[in-house]
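Work through the exercises below with the sequence and the coordinates open. Try each task before reading its solution.

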Amino acid sequence: MDLVVNGEAYRHNGEATIAGLLRECRAEAGRTAVMVNGDVVRKDSFDSVSLSDGDHVELIVIAAGG
Amino acid sequence: MTDGLKLGDRVFSSRLLLGTGKFSSTDAMIRAVRASGAELVTVALRRFHPGRPVDDVLAPLAAIEGLTLVPNTSGARDAGEAFRAAQLGRELCGSPFVKLEIHPNPHHLLPDPIETYEAARILVGEGFLVLPYMPADPVLARRLEDLGCAAVMPLGAAIGSGQGLTTMSMLKLIIRDASVPVIVDAGLRSPSEAALTMEIGGDAVLVNSAIAAAENPELMASAFAAAVRAGRDAWKAGLMPQSDLAVATSPLTGFLAGGEAG
């Protein structure tokens with residue numbers, strides 16, 4: 001499936017859920033926040049929310065900042 | 001805790017909040033956080049890039065006992081983006097706090113008061129404890145307080161500028177009228193400015209660049225902590241009245257021929 005992840009085209013071959021995308025990207029589910037098409041997805045929904053072709057996904061982590 | 005900083009339903013013993021940006025390394029940042037005694041530290045959000053290593057600040061911060069993370073909304077250009085950033089920060093940190101900052105112009109990074117107000121309205125309604133970074137404007141401070149913000153955070157000077165308390169007269173007006181804590185955020189350079197903020201009745205200061213960009217951040221963090229405590233004690237003690245004329249500290253009754261003590 002073709003997604004846009006963090007503003008860049010991304011071909012996702014794994015399970016069509018957020019949990020599947022995180023596994024494929026090697027992003028830790030516990031330390032990553034996710035937004036799909038502008039909506040923030042709760043952590044407890046990572047396994048159940050499906051992804052579709054063309055979805056825009058943002059993967060966000062904590063960084064140092066003031 | 002007899003002199004705690006009360007933010008919403010939470011009480012903190014430290015009145016120094018620390019930003020975690022701009023340190024030379026995560027290790028230097030962690031040492032400064034420990035030396036500061038801060039219980040509230042701000043963090044930012046950034047995109048995760050597949051295949052690129054993550055500089056993990058979450059784990060070492062989580063290892064410091066008693067620390068509460070305050071995710072910021074830096075990078076948001078309007079209220080809608082700030083709302084989404086706050087939601088993401090809450091997912092990542094599990095903290096009820098959000099440092100609301102909307103500063104669309106990268107040259108001066110001054111907060112947009114209109115978008116900040118609108119974002120604060122939404123975030124308070126969503127149950128966040130909102131700490132809004134704001135211009136040193138007493139009218140806006142009152143409006144943000146009326147919305148239900150947990151504190152107001154007027155700026156001393158532009159972020160990272162090190163220009164000090166350029167807004168002093170406005171800060172005094174904000175402090176005079178506020179019934180939520182006033183946390184002076186941004187622009188401070190020296191511990192004496194933090195002490196002065198506390199002496200005029202400020203409730204806390206938030207410092208980042210002044211510590212991160214110091215030659216010895218750990219020592220500077222310690223210096224800021226001492227200054228904040230000294231300033232707070234001075235405010236509680238009550239400063240003496242000022243006078244245009246000298247007021248003698250020794251008896252002026254002459255006991256030597258024609259002489260008077262000074």
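Four exercises follow, all on a predicted model.

**Exercise 1. The contact between the chains**

Task: Find how many residues each chain gives to the contact, and which elements of chain B take part.

Solution.
1. Count each side: chain B supplies 26 residues and chain A supplies 20 residues.
2. Assign the chain B side to elements. Those giving two or more residues are β4 (40-47) and α3 (79-93) of chain B.
3. Sort the chain B side by residue type: 13 are nonpolar, nine polar and four charged.
4. Look for strand pairing across the chains. Strand β5 (residues 56-64) of chain A runs antiparallel to β4(B), and five bridges join the two.
5. Fix the register with one pair: B:Arg46 in β4(B) has A:Val61 opposite.

**Exercise 2. The two sides of a helix**

Task: For helix α4 (residues 113-125) of chain B, compare the span with the expected value, then determine where the buried residues lie around the axis.

Solution.
1. The 13 residues of α4(B) reach 18 Å from first C-alpha to last, close to the 18 Å expected at 1.5 Å a residue.
2. List the residues of α4(B) that have 20 or more other C-beta atoms within 10 Å of their own: B:Glu115, B:Thr116, B:Ala119, B:Ala120 and B:Leu123 are buried.
3. These buried residues cover an arc of only 135° around the axis, which places them on the same side of α4(B).
4. The spacing follows a general rule: an α-helix has 3.6 residues a turn, so residues three or four places apart point the same way.
5. Check the other side of α4(B), where B:Ile114 and B:Gly125 are exposed.
6. Identify the packing partners of the buried residues: α3, β6 (97-100), β7 (129-134) and α5 (138-147) of chain B.
7. Just after α4(B), note the positive phi of about 90° at B:Gly127.

**Exercise 3. An enclosed helix**

Task: Decide whether helix α7 (residues 191-199) of chain B is largely enclosed or open, and state what covers its buried residues.

Solution.
1. Seven of the nine residues of α7(B) are buried, so this helix is largely enclosed by the rest of the structure.
2. Among the buried residues are B:Pro191, B:Glu193 and B:Met198.
3. Their cover includes β9 (183-185), β10 (204-207) and α9 (217-237) of chain B.
4. After α7(B) comes B:Gly201, with a positive phi near 105°.

**Exercise 4. The nonpolar core**

Task: Which residues touch the most other members of the largest nonpolar core?

Solution.
1. The core holds 95 residues, and B:Val152 and B:Phe224 touch the most other members.
2. The element that gives the most to this core is α3(B), with eight residues.
3. Leaving aside neighbours within four places in sequence, the contacts of B:Phe224 include B:Leu16, B:Pro191 and B:Ala194.

How values were computed: Residues are numbered from 1 along each chain as its sequence is written. Chains are lettered from A and ligands numbered from 1 in the order in which they are written. This is a predicted model: local features need pLDDT of at least 70, side-chain atom pairs count only at pLDDT 80 or more; totals for chains, interfaces and linings use all residues. Two residues are in contact if their C-beta atoms, placed from the backbone, lie within 7 Å. Helices (H or I, at least four residues) and strands (E, at least two) are DSSP runs, numbered from the N terminus. Ala, Val, Leu, Ile, Met, Phe, Trp, Tyr, Cys and Pro count as nonpolar, Asp, Glu, Lys and Arg as charged, and the others, Gly among them, as polar. Two strands pair if DSSP finds at least two bridges between them. The expected span of a helix is 1.5 Å times one less than its number of residues. A residue is buried if 20 or more other C-beta atoms lie within 10 Å of its own, exposed if 12 or fewer, and partly exposed in between; C-beta atoms are placed from the backbone. The arc is that of the directions from the helix axis to the C-beta atoms. A nonpolar core is a set of buried Ala, Val, Leu, Ile, Met, Phe, Trp, Tyr and Cys residues joined through C-beta atoms within 7 Å.
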